[in-house]
Amino acid sequence: EVMSRPWMKRPRKEKEWLEHIRSVFPAPPPPEGMGDDCAVLKRENLCLTTDALVEHVDFERDWAPPEAVGWKALAVNLSDLAAMGAEPAFFLLTLAIPRDCPDKWIEGFLSGAAALARKEKAKLLGGDLSRSPGGIFISVTAGGRQAGKPLLRGKAGPGDLIYVSSPLGAAGEALKMLRKGAKLKNFLLHGRIKTPNLLDRFFRPPSQTALGASLAQKKLASSAIDISDGLLLDLSRLLEGSGNGAVLTEDSIPRAADASGKQVSLKAAMTSGEEQVLLFTVPKSRERLLRKAGKGLFRIGFVTPKPGMWMQGCGKVSMLDPEGFDHFAH
């Protein structure tokens, strides 16, 4: 194997990187696997999604081990598939690597992506390697199998109940910490994380695959979206297609806590981006079945026929603005 040559001082060439990638990711049989100009798929009911991570925009190299960045690069795509009710099947990986990036960093990145791929049963089918004139550029395109009808945005009806699948705010608080100089020193690829860690949570969102599949196959949810830009902004997107609105209950918004048990602020929980958990609506008639199907779910409000978003709390109702993370506002 190429990586076992300690005497090799020069950086790997493209062919050597391809050999290394094939050694890290199990290869599906032709014509699906790597080696041709295209991967050929003989499946129907596929969902496709893509996302990019850009150095100096989405991450810095010294924030965490490269394994963490590899895990996150795939995870952000898998939550999109889960929001549609699709289970991961394959992905394509594009890497643009600057000259100052050592081979060891890329090896760690690939190990992190491969560990999550094995866990989620997603096969690498191909991609592209290139030279970057600046920072590292990572793009993943993922595909998932659709067992039933896809979950869509814009299908929520008046009276539907609004749920989230996890406490919120951890990713946003972690991002603030990282930008202030905090570092994640270790990132485990195997085993269970015993102590909650906001920094680890930023790179390791909880898997939403089983929940998304259950919501779709059992017809429990009327609509769904993954929270990538904040609860309020993504809720407004969820409601856009139906023309409905929402009332949230202040005390019902689940807020993440750090290792000491201190909860993040309510504003952080409502505007934190990169959560990669599910926000979905459930008809009242299906709520009992939902409670049987999943644990750790939080009901935070209900859908109204009147457009707009409001918050109930302390005996009053206030209007909410759809604020959150916008790539082009920073």
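What follows is a chat about salt bridges and one sheet in a predicted model.

Biologist: Let's start with charges. How many salt bridges are in the whole structure?

Modeller: A search of the predicted model turns up 13 salt bridges.

Biologist: Pick one for me. Which residue does E107 meet in a salt bridge?

Modeller: That's R12, with N to O at 2.7 Å. E107 sits in helix α3 (residues 103-120) and R12 in the segment before α1 (14-24), so the pair ties together parts that are 95 residues apart in sequence.

Biologist: And are E107 and R12 buried or exposed?

Modeller: Both E107 and R12 are buried.

Biologist: OK, what about R201, which residue does it form a salt bridge with?

Modeller: R201 pairs with E275, and their closest N and O atoms are 3.2 Å apart. This one also links distant parts of the chain: R201 is in helix α5 (residues 198-203), while E275 is in the loop between α8 (266-271) and β8 (278-282), 74 residues away.

Biologist: Why does R201 count as buried?

Modeller: Because its relative accessibility is 13%, and buried means under 20%. E275 is buried too, with a relative accessible area of 1%.

Biologist: Back to R12 for a second. Which residues do shared salt-bridge partners join into one network with it?

Modeller: D103 and E107; together with R12 they make one network.

Biologist: Got another pair for me, say R61? What is its salt-bridge partner?

Modeller: E55, with the closest N and O atoms 2.9 Å apart. E55 counts as buried, at 6% relative accessibility.

Biologist: New topic, then: the sheet. What order do the four strands come in?

Modeller: The order is β1-β4-β2-β3, in an open sheet with mixed pairing.

Biologist: Which strands stand at the edges?

Modeller: β1 (46-54) and β3 (123-131). Each has a single partner strand, so one side of each is left without a neighbour in the sheet.

Biologist: What does the twist average from one strand to the next?

Modeller: It averages 15 degrees.

Biologist: Zoom in on β2 and β3. How many bridges join them?

Modeller: Eight, and the two strands run parallel, with β2 covering residues 87-97. For a spot to look at, T94 stands opposite D128 in β3.

Biologist: Last one. Which strands does α3 lie across?

Modeller: α3 lies across β2 and β4 (137-145), and runs at about 170 degrees to β2. That's the helix where E107 sits, the residue that meets R12 in a salt bridge.

Conventions
Residues numbered from 1 in each chain as written. Predicted model: local features only at pLDDT ≥ 70, side-chain atom pairs only at ≥ 80, totals over all residues. Heavy atoms only, no water. Salt bridge = Lys/Arg side-chain N within 4 Å of Asp/Glu carboxyl O. Buried < 20%, exposed > 50% of the residue type's maximum accessible area, 1.4 Å probe, protein only. Pairing = 2+ DSSP bridges. Axes fitted to C-alpha atoms, helices over the stretch in contact; angles between N-to-C directions. Contact = heavy atoms within 4.5 Å.
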